[in-house]
Amino acid sequence: MLKCQVEGVSPLRLTTIDHQHYDVGYCAGELLRRRLAGYAGAPEIHHANTSEMIAGETG
C-alpha cells in the first residue's frame, strides 16, 4: 500500500508523514457514540499522537 500519493514521481524517495486518519476517526467515533448513548460527564480532550514519519531520501 502506498503511503505517499506522489511515490514514483521523483527519483528520490520523499520523506512523508502518515497521519493514520483511520485511528483518529475511530477515536472520534467512539467519543461521539458515548455521548449519543447518554454520557453526560465533563468534555474529554484526547491528544492522539498517531503520526508516523516515513523516512525517505529527502529528509
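Here is a walk through this structure, from its overall layout down to a few side chains worth finding on screen.

Let's start with the big picture, keeping in mind that this is a predicted model. The protein has one helix and two strands. If you begin at the N terminus and follow the chain, the order of the elements is β-α-β. There are 59 residues in the protein, and buried ones make up 7% of them. As for the surface, the protein exposes about 5200 Å², and 60% of that comes from carbon and sulfur atoms. One more overall number tells you about how the chain meets itself: take the contacts between residues at least 6 apart in sequence, and 74% of them join residues at least 24 apart.

Now find the helix, α1, which covers residues 21–36. With its 16 residues, helix α1 reaches 22 Å from the first C-alpha to the last, and that is close to the 22 Å expected at 1.5 Å a residue. After α1 comes Gly-38, and its phi is positive, near 115°.

Next, the rings. The count comes to one aromatic pair. Tyr-22 and Tyr-26 make up that pair, which is stacked, with 6.5 Å from centre to centre and 25° between the planes. Why those two numbers? A pair of aromatic rings is described by the distance of the centres and the angle of the planes. You can find both tyrosines in helix α1, where Tyr-22 and Tyr-26 are four residues apart, about one turn of the helix. Is Tyr-22 buried or exposed? Tyr-22 counts as exposed, because its relative accessibility is 67% and the cut-off for exposed is over 50%.

On to the charges. How many salt bridges does a search of the whole structure find? It finds two. Let's take them in turn.

One of them joins the side chains of Glu-30 and Arg-33, at 2.9 Å from N to O. Both of these residues sit in helix α1, three residues apart, or about one turn of the helix. Glu-30 has a relative accessible area of 27%, so it is partly exposed. Arg-33 is partly exposed as well, with a relative accessible area of 46%.

The other salt bridge is between Glu-44 and Arg-34, whose closest N and O atoms are 3.0 Å apart. This pair links distant parts of the chain: Arg-34 belongs to helix α1, while Glu-44 is in the loop between α1 and β2 (52–54), and their positions lie 10 residues apart in the count. Glu-44 counts as partly exposed, at 29% relative accessibility. Arg-34, with a relative accessible area of 31%, is also partly exposed.

Stay with Arg-34 for a moment. Which residues does Arg-34 touch, not counting those up to four places away in sequence? They are Tyr-39 and Glu-44. You have already met Glu-44 as the salt-bridge partner of Arg-34. With Tyr-39 the arrangement is another one to look for: Arg-34 lies over the face of Tyr-39, at 4.7 Å from the ring centre. So when you zoom in on this arginine of helix α1, look for the carboxyl group of Glu-44 and for the ring of Tyr-39.

Finally, pick out two residues that let you compare the helix with the loop that follows. Val-24 is found in helix α1, and His-47 is found in the loop between α1 and β2. Where they stand in sequence and in space is easy to state: Val-24 and His-47 are 23 residues apart along the chain, and their C-alpha atoms are 9.7 Å apart. Val-24 counts as partly exposed, because its relative accessibility is 38%. His-47 is exposed, with a relative accessible area of 75%.

Methods
Residues numbered from 1 in each chain as written. Predicted model: local features only at pLDDT ≥ 70, side-chain atom pairs only at ≥ 80, totals over all residues. Heavy atoms only, no water. Expected span 1.5 Å × (residues − 1). Salt bridge = Lys/Arg side-chain N within 4 Å of Asp/Glu carboxyl O. Buried < 20%, exposed > 50% of the residue type's maximum accessible area, 1.4 Å probe, protein only. Phe/Tyr/Trp six-rings, centres within 6.5 Å; stacked < 30°, edge-to-face > 60°. Lys NZ or Arg CZ within 6 Å of the ring centre and 35° of its normal. Contact = heavy atoms within 4.5 Å. Areas by Shrake-Rupley, 256 points an atom, 1.4 Å probe, with all protein chains shown as cover.
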